[in-house]
Amino acid sequence: MAKTAKTILWIIILTLVLGAGFFGYFKFLWVFSDGTKTGELNSLTYTGYIFKTYEGEMILTGYGSKNSGGTVQSKNFKFSVANKEVAEELMQMTGERVTVHYKEYKGTLPWRGYERAIVDSVEFAGVQAPDAEDPFFL
């Protein structure tokens, strides 16, 4: 009788540990979605008490729904940046129109940032100055 109780207890413990492992993986490590967003980079800060992370905000503009009369609306996109080189590149582009590639997780980790969206690359999306070598340059 005692041997079967021990076996049942070990099975319950193993099930709980495996369940917690699967939950942790899907909550904090599994990429829920990834994609790109384009907008005006509003701010990027280096903040935190123990874990210093880069936190940013973009303003995404777009047209409203048919019910709103087609007005232009804006939406804020908050994100974290885990890579220092990408964060330094973003700091140089504050106030510019940029396209960022991000991965979204279902949970946050303190050393990864406060937001669920983690930006991993950036490119300039604004209007480039005309090239003097361009034959159509006036």
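Helices and strands here are DSSP runs, numbered from the N terminus, with at least four residues for a helix and at least two for a strand. With that in hand, switch to a cartoon view and trace this predicted model from its start: the protein chain reads α-β-β-β-α-β-β along the sequence. That makes for 2 helices and 5 strands in the protein chain.

**Stop 1: colour by confidence.** The protein chain has an average pLDDT of 85, and 82% of the residues score at least 70. Now select strand β4, residues 97-104, where confidence is highest at a mean of 94. Then pick strand β3, residues 72-81, which has the lowest confidence, with a mean of 86.

**Stop 2: colour by accessibility.** The protein chain has 138 residues, and 25% of them count as buried.

**Stop 3: the nonpolar patch.** Show a surface and select L14, L18, F22, Y25, F26, L29, W30 and F32. Together these residues form a nonpolar patch on the surface, with about 840 Å² of accessible area. Click on F22 first; you will find this residue in helix α1, which spans residues 2-29. Is F22 buried or exposed? F22 counts as exposed because its relative accessibility is 53%, and the cut-off for exposed is over 50%.

Three of its patch companions make a handy comparison. Y25 has 39% relative accessibility, so it counts as partly exposed. F26 is partly exposed as well, with a relative accessible area of 42%. W30, at 36% relative accessibility, is also partly exposed.

**Stop 4: the rings.** Hide the surface and show side chains as sticks. The structure holds 7 aromatic pairs. One of them joins Y25 and F26, an edge-to-face pair with 5.2 Å centre to centre and 75° between the planes. Move on from F26 to W30: their ring centres are 5.6 Å apart and their planes stand at 70°, so this pair is edge-to-face too, given that planes over 60 degrees apart count that way. Add F32 to the selection, and you have the whole cluster that ring pairs link together: Y25, F26, W30 and F32.

**Stop 5: charges over rings.** Select K37 and F77 next. K37 lies over the face of F77, at 5.2 Å from the ring centre. For the last view, select R112 and Y105. Here the charged end of R112 sits over the ring of Y105, and its distance from the ring centre is 3.8 Å.

Key. Residues numbered from 1 in each chain as written. Predicted model: local features only at pLDDT ≥ 70, side-chain atom pairs only at ≥ 80, totals over all residues. Heavy atoms only, no water. Patch = residues over 30% accessible without salt bridge, like charges linked within 9 Å, V, L, I, M, F, W, Y side chains within 5 Å. Areas by Shrake-Rupley, 256 points an atom, 1.4 Å probe, with all protein chains shown as cover. Salt bridge = Lys/Arg side-chain N within 4 Å of Asp/Glu carboxyl O. Buried < 20%, exposed > 50% of the residue type's maximum accessible area, 1.4 Å probe, protein only. Phe/Tyr/Trp six-rings, centres within 6.5 Å; stacked < 30°, edge-to-face > 60°. Lys NZ or Arg CZ within 6 Å of the ring centre and 35° of its normal. pLDDT = per-residue confidence, 0-100.
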